[in-house]
Each structure stands twice: as structure tokens, then as C-alpha cells.
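Visitor: I've got a model on screen and a few minutes to spare. Could you walk me through it, one question at a time?

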Amino acid sequence: MVGYNPLAQRGEDSPSAVEVAVAGSLSGFLTRVLINPLDVIKIRFQLQIEKLSLFEPGAKYHGILQATNTIFREEGLQSFWKGHIPAQLLSISYGAVQIYRSLWHAIVTMYRKEGPLSFYRGLTPTLVAVFPYAGFQFAFYNIFQHISEWAVPSREAWMVNVENLMCGSCAGVISKTLTYPFDLLKKRLQVEGFEQARMAFGQVRTYNGFLDCAYQVARTEGLRGLFKGLSPSMLKAAVSTGFTFFWYELFCNIFRNHKEHLEYQRHFRHTTPSQ
């Protein structure tokens, strides 16, 4: 684990469990604010049945820059933070919010049409992907850190944060690529039942569960269809993982330096002779 290892011998200046939790929460919050626009573009690509190509007549989106310009022109700047609140709360209704006016509108519509089970669509690919993704992420992060330490054994303090950013970015890109098809299938299943709202994005298809969704996507869109939206997703993974580790280590260092400063002040008061 980066920043804090509960199994390691801890000094008095090491971050406490509470400080580690705060550092992790703040790093997650700040990172989500920064990468949400990439998530919006990625989901638009994932939900588009047509090929992401300039030569596809019915394709609404065919590239990151074109999609950015189209979304901004049609929906405004605020649309890049659609679903930001449920994303911060880790709600699986995030994908549905992309095609509705607000979080509350999505919740009411989903519940009225299909009941509480609609909130658990896409759970199977989520559970299948979450464990290998987390495992790959930390495994590759540690590998890249060992490589960095071997390549640059002595480095300045400021280089450590940059190293964490680069190692985290590389780990995020590889992990996301290996597990990406599960993310696409999850998004397709999550927006089932919203045919009317989805018509603005092109063709609409229905799926009968996880395996049927995977089969239909592979059969009608090809194996490349399972990787629609990979480019903004990889960019998002690099930025997200990199900044997560960067902010986490930064806040841990802030807490550690604060403790050292307080300890120094206490030591200074005790050793300074009174006037």
C-alpha cells in the first residue's frame, strides 16, 4: 500500500489510520472532480451502437475532440459534470444520469418504470471486474515503483510525488485496458429500459442479461465493439490513478510534516532555558 503500510513499523510521525482515511477520501474527491468530463465522453461512446467513425452516417460521436465540441455546443459546459454527485457517492445510477436531467429525475424514472431492481443493472460485470481491476492496479503500481527506484536510486524529495503520479498513471492505463470490456457491458445493461431517452444517441438495443449483452455486442459490433470508448477511458485511467496516488501521498506527507513540526516545537520548548 502506498503512503501508509499498517504492517510496517510505524514511527510517531507516521500518518494515523484516521489521517490515512482522510487523505484517501480527499484524493478521491479531487480526482473525481478533475476526471468527470472524460467519464461523460467515455459513457457516450460506450452507449453508441454505431461505429465511432467519421465515415459512419448514423454516428453521433466519432472522436474525443469532436464529442467534446458536440456536447459543449448542445448541452453546455455543465453537462461535463453530469452524474458527478452519484459518482462521488459511488452510485451505480451514474450511467443513467448521463441521459436524464438530474440524479433525482433518474432515480424517480427508474423506480417508477421497473422498481428497485433497476438500480442493480450491470451488477454482474461490475463484480466480475472490480477484483481483478483493483489487483492489477496495485500490482502494476508496485512494479513501476520498484523499476523507478532501481532506475533512479537517489532522488530529490519533489521527485517522489512526480514518481507516484507517473507510476499510478501507467498502472491505471494497463489495468483499465485489461478489464475494459466489463465496464462497457455494465454501462449497456445499466441503461436498459430507457429507450426513449437513448434515441437521441442513435440506435437502441435491448439485452437479456450479461452473457447475451456480451454475445450481441461481439456479434453485431465485432470484438472492437467491446472496447468502444477505450481512448477516453485510458486517458481517464491515467489521470485518475495518477492523481489518486499523487493527492494521497501529498496529503499523507502534509500530515507527516505537520506532526514533525509539532514535535519540533514541543522539543524546542522543553530544551530552551526559561528566562
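Visitor: Let's start with one side chain: does F251 count as buried or exposed, and at what relative accessibility?

Guide: Bear in mind that this is a predicted model, so every value is computed from it. The cut-off for buried is under 20% relative accessible area. F251 therefore counts as buried, with a relative accessibility of 16%.

Visitor: Okay, and what's the overall fold made of: how many helices and strands are there?

Guide: Reading from the N terminus, the elements run α-α-α-α-α-α-α-α-α-α. Of the 275 residues in the chain, 42% count as buried. The tally for the chain is 10 helices and zero strands.

Visitor: Back to that Phe. What kind of aromatic pair do W247 and F251 form?

Guide: Both residues sit in helix α10 (residues 230-271), four residues apart, which is about one turn of the helix. The ring centres of W247 and F251 are 6.2 Å apart, with 25° between the planes. Planes under 30 degrees apart count as stacked, so the W247 and F251 pair is stacked.

Visitor: And F246 with W247, what geometry do they have?

Guide: F246 is buried, and W247 is too. Their centres are 5.3 Å apart and the planes make an angle of 70°. Over 60 degrees is the cut-off to use here, so F246 and W247 are edge-to-face.

Visitor: Which residues form one aromatic cluster with W247?

Guide: The structure holds eight aromatic pairs. The pairs of W247 with F246 and with F251 are among them. The cluster around W247 takes in F243, F246 and F251.

Visitor: Is there a charge over a ring to look at, say which residue lies over the face of Y133?

Guide: The distance to check is the one from the ring centre, and for Y133 it comes to 5.1 Å. The cut-off for a charge over a ring is within 6 Å. The residue over the face of Y133 is K176.

Visitor: Now salt bridges. Where in the chain are R44 and E75, and how many residues apart are they?

Guide: Their side chains meet in a salt bridge, at 3.0 Å from N to O. R44 is buried, with a relative accessible area of 3%, while E75 counts as partly exposed at 22%. R44 is in helix α1 (residues 17-47) and E75 in helix α2 (residues 64-75), so this salt bridge links distant parts of the chain, 31 residues apart.

Visitor: What about R188, which residue does it form a salt bridge with?

Guide: R188 belongs to helix α7 (residues 157-190), and its partner is in helix α9, 33 residues apart. Both residues of the pair are buried. At 3.0 Å between the closest N and O atoms, the partner is E221.

Visitor: Which Arg meets E221 in a salt bridge at 3.7 Å, N to O?

Guide: This Arg is in the loop between α8 (195-198) and α9, 16 residues apart from E221 in helix α9. E221 counts as buried at 15% relative accessibility, whereas the Arg counts as partly exposed at 22%. The residue is R205.

Visitor: Which residues do salt bridges that share partners join into one network?

Guide: The structure holds 11 salt bridges. Where such bridges share partners, they join residues into one network. Its members are R32, D39, K42, D183, K186, K187 and K236.

Visitor: Time for empty space: what's the volume of the second largest pocket?

Guide: Rolling a probe the size of a water molecule over the atoms shows where empty space is left. The closest residues to the centre of this pocket are K51, L52, R224, G225 and K228, out of 21 that line it. Elements giving two or more residues to the lining are α9 (210-221) and α10. The volume is about 450 Å³.

Visitor: How does the lining of the second largest pocket divide into nonpolar, polar and charged residues?

Guide: K51, R224 and K228 are among the residues closest to the centre. Lys and Arg count as charged. The full division is six nonpolar, eight polar and seven charged.

Visitor: Last one: what separates the C-alpha atoms of P132 and S175?

Guide: P132 is placed in helix α6 (residues 123-151) and counts as partly exposed, at 30% relative accessibility. P132 and S175 are 43 residues apart along the chain, and their C-alpha atoms are separated by 8.2 Å.

Methods:
Residues numbered from 1 in each chain as written. Predicted model: local features only at pLDDT ≥ 70, side-chain atom pairs only at ≥ 80, totals over all residues. Heavy atoms only, no water. Phe/Tyr/Trp six-rings, centres within 6.5 Å; stacked < 30°, edge-to-face > 60°. Buried < 20%, exposed > 50% of the residue type's maximum accessible area, 1.4 Å probe, protein only. Lys NZ or Arg CZ within 6 Å of the ring centre and 35° of its normal. 1 Å grid on protein atoms, 1.4 Å probe; cavity = no way out; pocket = protein on both sides within 12 Å on 5 of 7 lines; lining within 4 Å. Points joined across faces, edges and corners; volume = space filled by probe spheres on them. Salt bridge = Lys/Arg side-chain N within 4 Å of Asp/Glu carboxyl O.
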